[in-house]
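Let's take a friendly look at how a strand finds its neighbours. Please have the sequence and the 3D view open as you read.

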Amino acid sequence: MSKRKKRPVRRPPSGSTPGDTTRTGTKQTGTKGAGTKGAGTKTAGAKPTSKRRPPPRGARRGLLPRWAPWVGIAVVVGAIGIALLLRNTSSASATKPASGQVTSAISSVPAATFDAVGVPSGLAAPKPLPSGTPAVEADGLPLVLYVGAEYCPYCAAERWPLAVALSRFGSFSDLSVTESAGFPEVYPHTPTLSFHGASYTSPHLAFQGLETATNKLGITGYGQLDTLTPEQQRLVQTYDAPPYVTTKGGIPFVLIGNRYVFNGAQYLPDVLRGKSAEQIAAELADPQSGVSAAVVGSANLLTAAICQITGQAPKDVCTSSAVTAAAKDLGS
Amino acid sequence: MRGRTASIIVLAVSAAGLAVSIYLTIAHYTSPRLLACGENGVVNCEKVTTSQQATFVGVPVALLGIGFFAAMFVLSLPAIVDRPGMRAARLILACVGMAFVLWLIYAEIALIGAICLWCTFVHLCTFAIFVAVLVEASRPAVPASQR
């Protein structure tokens, strides 16, 4: 008994691993005197060679094993990692078919609302392409090309006015609603439409809307969706680059025939924050709402640009007061 | 890191966490716009501090932060740091605080979609305390008279 009392205090058995015992035990008891003469014998004069001091006499055992801090750090880091994974799997809402209310609201914004909203200041307008730009067509019709991605918050903002404007020239089917990706993307969870899987028919123009990636982040990045045809790739490589746009390869990328181009959103996605697709759709018809000012105002600019490639058809749309006014904001 | 070092770290970090928690509590009860925090979508203090997750059973989490850091500060004061049971109390409190912070981080990332820099500072303080207390608890306790 007395021998045990004189022994240096050891760590609790629960925290002792064979490796630990060997490492620290050697340092504490494997020295001359302490180790060879045995614990409990006089250790005076037997200086430990180790730099680690043995715990003083009377020291209480640790509450936890020595590796506890490392486990604690690992648990915290692991939990944050799991939270990030959950964010990407559960919080990014799945893409689902747009409700009748949403599709109806997009395609039936009253003419009076278009005219009342006009073109509020602060909206970005499509940039004109130089005269002599080769025709951009599909199936014999002037082409409007959109390339974006479901995770992209600026694409989320831009789809609304693009869908509203295009609905004045034709009709969509199989539109979906979704939202942009969550944290750490800016403007996370911006509610939006998706052109993936949608179709569009119009007697005036052709529309190709491509979403190149999902809003779900996997180990290797966002999942792939639509693949561009060689012709679409050529258009993107040619026109989604300076001098036509400021930033090369930016999305959303919108090419309006051989007349206008832009990448980025016409307004900040912040306007849509916290709203559902149905709420946004419902506010489109109200010219006093911030959503309508941003979406319908941007749609007026897009409509004016599209009228340039459809030969000002349909006439009632292209000669409306808002579109005529917007045309003046577009360079030519 | 010896127990004394750990308790000094806990004491200092608790004081810093307490100060920020008081600031966040004042902002909660007055105007969240008081918070000097950038807003670019991801970093948005106002969105976080006015969210549903900013209160826990009706109590603002900033106020809970004051309670946590004040308690940790007191438990680490030199006068009582070595009293029996204090190490266990600090360990339990640190584990509870860290678990709560993990919930708040999850809420920010997955539910709110924004982070608050002031809140993140508080979370880092809690993490530092958690690690220091774990280190302290994994070392033999040395009576003050033998230090």
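Strand S4 (residues 141–148) of chain A and S12(A) run antiparallel and are joined by 4 bridges. Strands pair when DSSP finds at least two bridges between them. Helices (H or I, at least four residues) and strands (E, at least two) are DSSP runs, numbered from the N terminus. This is a predicted model, where local features need pLDDT of at least 70, side-chain atom pairs count only at pLDDT 80 or more, and totals for chains, interfaces and linings use all residues. Residues are numbered from 1 along each chain as its sequence is written, while chains are lettered from A and ligands numbered from 1 in the order in which they are written.

S12(A) is also joined to strand S13 (residues 260–263) of chain A by 4 bridges, again antiparallel. Here are two facing residues to find:

| Residue in S12(A) | Residue opposite |
|---|---|
| A:Ile256 | A:Val144, its bridge partner |
| A:Val254 | A:Phe262 in S13(A) |

The hairpin of S12(A) and S13(A) has 3 residues between the strands, and A:Gly257 takes a positive phi near 55 degrees there.

Are the residues on the two faces of S12(A) buried or exposed? A:Phe253 and A:Leu255 on one side are buried, and so are A:Val254 and A:Ile256 on the other. Buried means that 20 or more other C-beta atoms, placed from the backbone, lie within 10 Å of the residue's own. In a regular strand, side chains alternate between the two faces of the sheet.

Now for chain B. Its 5 helices and 2 strands follow the pattern α-α-β-β-α-α-α along the sequence. Of its 147 residues, 44% are buried.

How values were computed
A residue is buried if 20 or more other C-beta atoms lie within 10 Å of its own, exposed if 12 or fewer, and partly exposed in between; C-beta atoms are placed from the backbone.
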